[in-house]
Amino acid sequence: AQATPAGSNSQAAWAALRDEAMHCTRCHLYQHATQTVFGEGPVDARLMFVGEQPGDQEDLAGKPFVGPAGQMFDRAVTQAGIDRRTVYVTNAVKHFKFEPRGKRRIHSKPDAGEISACRWWYEQERLIVRPEMTVALGATAARQMLGKTVTISRERGRAIDLPDGGRGWITIHPSFLLRMPDKSRVEDEFAAFVEDLKGAAASLR
Ligand code: URA
């Protein structure tokens, strides 16, 4: 619950923060990425989703979750009865980290130093949006949210009190579904992902 309703002040603060983030040099990732991919969504959203970092397509588009993982995310969110236009979507790390391989850019996991260098932006976004519930998608997001490493399978699917006073919910990253070697298990894992999202949304009421 918010002490003051989010209004034009929050919107202006968010826009200023986003502009500032475009010039971020807090870690080295800005050197090779196309642009900062900042969070997106209404500043008065009750639900915040946190991913890992922008992928190839997000880096080019400047928007979070628009590539293959984003399409998986959209599908799950829709099945969970959540309207993406009403939620705030961001990433734990706001620059794309990759290894060049020929013409392709292969996603590379952000390390502990990169995650903590980016925490400042995550914290500022949270101060403005002040979501009632924050869903961490995968281990990197959970690490940003909790300030420590956690095991997704042990922590997923229930409300957790966060160090900053908010409430959090941990689930898998949608890319996990795209990368599963055993395709026969994807359907069940997708259903479990949707259940986690439903649980997070239900906890708002
Ligand atoms: N994966 C993420 O974690 N975030 C994005 O924005 C896209 C893919």
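Here are four short exercises with worked solutions on this predicted model.

**Exercise 1: a helix with two sides**

Task: Work out which residues of helix α5 are buried and which are exposed, and how the buried ones are arranged around the axis.

Solution:
- Start with the extent of the helix: α5 covers residues 119–129.
- Pick out the buried positions, which are Trp-121, Tyr-122, Glu-125, Arg-126, Ile-128 and Val-129.
- Look down the axis of α5: the buried residues fall within an arc of 165 degrees, so they line one face of the helix.
- The spacing makes sense, because an α-helix has 3.6 residues a turn and residues three or four places apart point the same way.
- Now turn to the other side of α5, where Trp-120, Glu-123 and Leu-127 are exposed.
- Finally, ask what covers the buried residues: the cover includes α1 (8–21), β1 (47–51), β2 (88–91) and α6 (139–146).

**Exercise 2: a strand between two partners**

Task: Describe how β1 is covered, and find the strands with which β1 pairs.

Solution:
- Count first: 5 of the 5 residues in β1 are buried.
- Sort them by side. Leu-47, Phe-49 and Gly-51 are on one face, with Met-48 and Val-50 on the other, and both faces are covered.
- Take β5 (residues 133–137) as one partner: it runs parallel to β1, and 4 bridges join the two. Here Leu-47 stands opposite Met-133.
- Then take β2, which also pairs with β1 in the parallel sense over 4 bridges. In this pairing Met-48 stands opposite Tyr-88.

**Exercise 3: positive phi without glycine**

Task: For Phe-65 and Arg-130, give the phi value, the place in the chain and the burial.

Solution:
- Phe-65 has a positive phi near 50 degrees, although the residue is not glycine.
- Its place is the loop between α2 (56–61) and α3 (68–79).
- For burial, the cut-off is 20 or more other C-beta atoms within 10 Å. Phe-65 has 27 C-beta neighbours inside 10 Å, so this residue counts as buried.
- Arg-130 is also a non-glycine residue with positive phi, near 45 degrees.
- Arg-130 follows α5 and lies in the loop between α5 and β5.
- With 21 other C-beta atoms within 10 Å, Arg-130 is buried.

**Exercise 4: the ligand shell and the annotated domain**

Task: Characterise the residues around the ligand, then the region that UniProt annotates.

Solution:
- The ligand has 13 residues around it, and Gly-51, Glu-52, Gly-55, Pro-64 and Ala-69 come nearest.
- By class, the shell holds 4 nonpolar, 7 polar and 2 charged residues.
- UniProt, in an unreviewed entry, lists residues 38–198 as "domain: Uracil-DNA glycosylase-like".
- Over residues 38–198, the chain is 41% helix and 19% strand, with the end C-alpha atoms 25 Å apart.

How values were computed. Residues numbered from 1 in each chain as written. Predicted model: local features only at pLDDT ≥ 70, side-chain atom pairs only at ≥ 80, totals over all residues. Near = placed C-beta within 6 Å. Nonpolar A, V, L, I, M, F, W, Y, C, P; charged D, E, K, R; others polar. UniProt positions renumbered as here; feature names shortened; annotations may be inferred. Buried ≥ 20, exposed ≤ 12 C-beta atoms within 10 Å, placed from the backbone. Arc of directions from axis to C-beta. Contact = placed C-beta atoms within 7 Å. Pairing = 2+ DSSP bridges.
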